Amino acid sequence: MTPDDLKSALGSGLLSFPVTTFKPDLGLDEEAYRSHIDWLDGFGAAVLFAPGGTGELFSLTPDEATYVTRIAKASAGRTPIVGGAAYGTAMAVEMARNAEAAGADGILLLPPYLMFAEQEGLIAHVKAVCDAVGIGVVVYNRDNIVLTAESLLRLTDMCPNLIGFKDGYGEVDRVIEITTQLQDRLVYIGGMPTHELYAQAYYSAGVTTYSSAVFNFVPQLAQDFYAALRKGDKQTTDRILKEFFFPLVALRNRKKGYAVSIIKAGLEAIGRRAGPVRPPLTDLSVSEMDELKALIAQTS
C-alpha cells in the first residue's frame, strides 16, 4: 500500500486498535489474537492499528510487536494494518523497519519514552522514522510529543510519506490551526481516550475520523455512533453517549490505566478471549466486571 493509498484508507471510515490477547501467564495468545482480528474484520473498520496503545505496545518487546503485526496482517483480510513504533529514536526506527518487513501498510509513531523535547528535536525524531521506511507514517500528537503547525509543515515538506496526524492531546484550538494551515496535506485522526466523547468537537475542527477503542467489543455500536456523527444525527449520538459512553467512562475513570483494562474486560464480558493486561496495568475487579457486563447487556 502506497502512502497515498493509506492516507485515503485512513480517511474513509472508522478506525480501531485491537487489544493484544495474552494467556494467564502473560504470554501472547496467538490463537485468540487471530480470532479477534478475524472477527473485527467483519465489522468494517477502515484501518486497524496493531499493536497500538490499546494493544499494549508499551508492554511488548520489539520482537513481540513485530510478531503481533505479522499475525494481524495475515488475519485481517483486506483491512489495512498499521504497525506501531515508539520509545527513543533509534528504537522507533528499528520498530518501524521491522513493522514494514512484517507487512504493515503504515506506521503509527507513538510518543518517545519519557523525555520532553523542543520542536527541533521532535522534528528530527519524526523525520528519522519517516526516512527509515517507505510506507506511510502517522504521528501521534500526545503527552510528550506535541507538534506545532509550523513543525508539521516543515515535516511534510521533508517527508513525503508523513501522511497522517493523530491527536490525543486535546487542545482543539491547536487542532484547528493545524487542519487550517495544512489542509489536505495530512489525514486527521482523533485519538483522545474514548474519543467518542470528543468526536463532535473534533469533527467541527476538521477531524472526520478517529480510532474507537470500544470497537473491540461493541463494534456495531461503534459503527452506529460513527455513522450518526457523519450524518449529523445528534439525537442518535446523544442517546448513545447517555446510554453507553458516559457510564463506561465513569467506570473507566475509577483507576489509572483502566482506559486499556476496560477494553480487554469488555471482550471477556461478551465471551471472547482477551486475557489479562500486563503489569504495570491492573485488571477490573469482579464487581466492576459485573457492572460492565450489565452496561453492555442493556445497550445490545
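These legends accompany close-up views of a predicted model.

**View 1. Helices α9 and α10 pack against each other at an angle of about 150°.**
Two packed helices are described by the angle between their axes and the distance between the axes. Helix α9 spans residues 219-231, and helix α10 spans residues 234-252. Their axes lie 9 Å apart. The crossing of α9 past α10 is left-handed. On the α9 side, the contact is made by Leu221, Asp224, Phe225, Ala228 and Leu229. On the α10 side, the partners are Thr236, Thr237, Ile240, Leu241, Phe244 and Phe245. Sorted by class, this contact holds eight nonpolar, two polar and one charged residues.

**View 2. Phe217, Phe225, Phe244 and Phe245 form one aromatic cluster.**
Phe225 of α9 and both Phe244 and Phe245 of α10 also take part in the helix contact of View 1. Phe244 and Phe245 pair edge-to-face. Their ring centres are 5.0 Å apart, with 80° between the planes. Both Phe244 and Phe245 are buried.

**View 3. Trp39 and Phe43 make an aromatic pair.**
The structure holds six aromatic pairs. In this one, the ring centres of Trp39 and Phe43 are 5.3 Å apart. The planes stand at 70°, so the pair counts as edge-to-face. Trp39 is partly exposed, at 23% relative accessibility. Phe43 is partly exposed too, at 25%.

**View 4. Cys130 and Cys159 are neighbours without a disulfide.**
The structure holds zero disulfides. For Cys130, the nearest cysteine sulfur is that of Cys159, 4.2 Å away. Why is there no bond from Cys159 to Cys130? The sulfur atoms are too far apart for one, because a disulfide needs them within 2.5 Å. Both residues are buried. Cys130 has a relative accessible area of 2%. For Cys159 the value is 1%.

**View 5. Ala50 and Pro51 are joined by a cis peptide bond.**
Most residues other than glycine have a negative phi, and most peptide bonds are trans. Omega between Ala50 and Pro51 is about -5°. Pro51 sits in the loop that runs between β2 (47-49) and α3 (62-75). Glu56 is found in the loop between β2 and α3 as well. Its phi is near 60°, a positive value in a residue other than glycine. Is Glu56 buried or exposed? Glu56 is buried, with a relative accessible area of 0%.

**View 6. Pro276 lies in the loop between α11 and α12.**
Pro276 counts as buried, at 19% relative accessibility, because the cut-off for buried is under 20%. Which residues does Pro276 contact, leaving aside its neighbours within four places in sequence? They are Phe22, Lys23, Pro24, Leu26, Glu56, Lys264 and Asp283. One of them, Glu56, is the positive-phi residue of View 5. Another, Leu26, is 250 residues from Pro276 along the chain. Even so, the C-alpha atoms of Pro276 and Leu26 are separated by 7.1 Å.

**View 7. Pro279 and Pro280 are joined by a cis peptide bond.**
Omega for this bond is near 15°. Pro280 is in the loop between α11 (258-269) and α12 (286-299). Pro276, shown in View 6, has its place in the loop between α11 and α12 too.

**View 8. Gly170 sits in the loop between β6 and α7.**
Strand β6 covers residues 162-167, and helix α7 covers 172-182. Gly170 is partly exposed, with a relative accessible area of 35%. Not counting residues up to four places away in sequence, Gly170 touches Met192 and Tyr202. Ser211 is 41 residues from Gly170 in sequence. In space, C-alpha to C-alpha, Gly170 and Ser211 are 14 Å apart.

**View 9. Gln183 has a positive phi although it is not a glycine.**
The value is about 50°. Gln183 lies in the loop between α7 and β7. Strand β7 covers residues 187-190.

How values were computed:
Residues numbered from 1 in each chain as written. Predicted model: local features only at pLDDT ≥ 70, side-chain atom pairs only at ≥ 80, totals over all residues. Heavy atoms only, no water. Axes fitted to C-alpha atoms, helices over the stretch in contact; angles between N-to-C directions. Helix = DSSP H or I, 4+ residues; strand = E, 2+ residues; numbered from the N terminus. Left-handed = near helix turned anticlockwise from the far one by under 90°. Contact = heavy atoms within 4.5 Å. Nonpolar A, V, L, I, M, F, W, Y, C, P; charged D, E, K, R; others polar. Buried < 20%, exposed > 50% of the residue type's maximum accessible area, 1.4 Å probe, protein only. Phe/Tyr/Trp six-rings, centres within 6.5 Å; stacked < 30°, edge-to-face > 60°.
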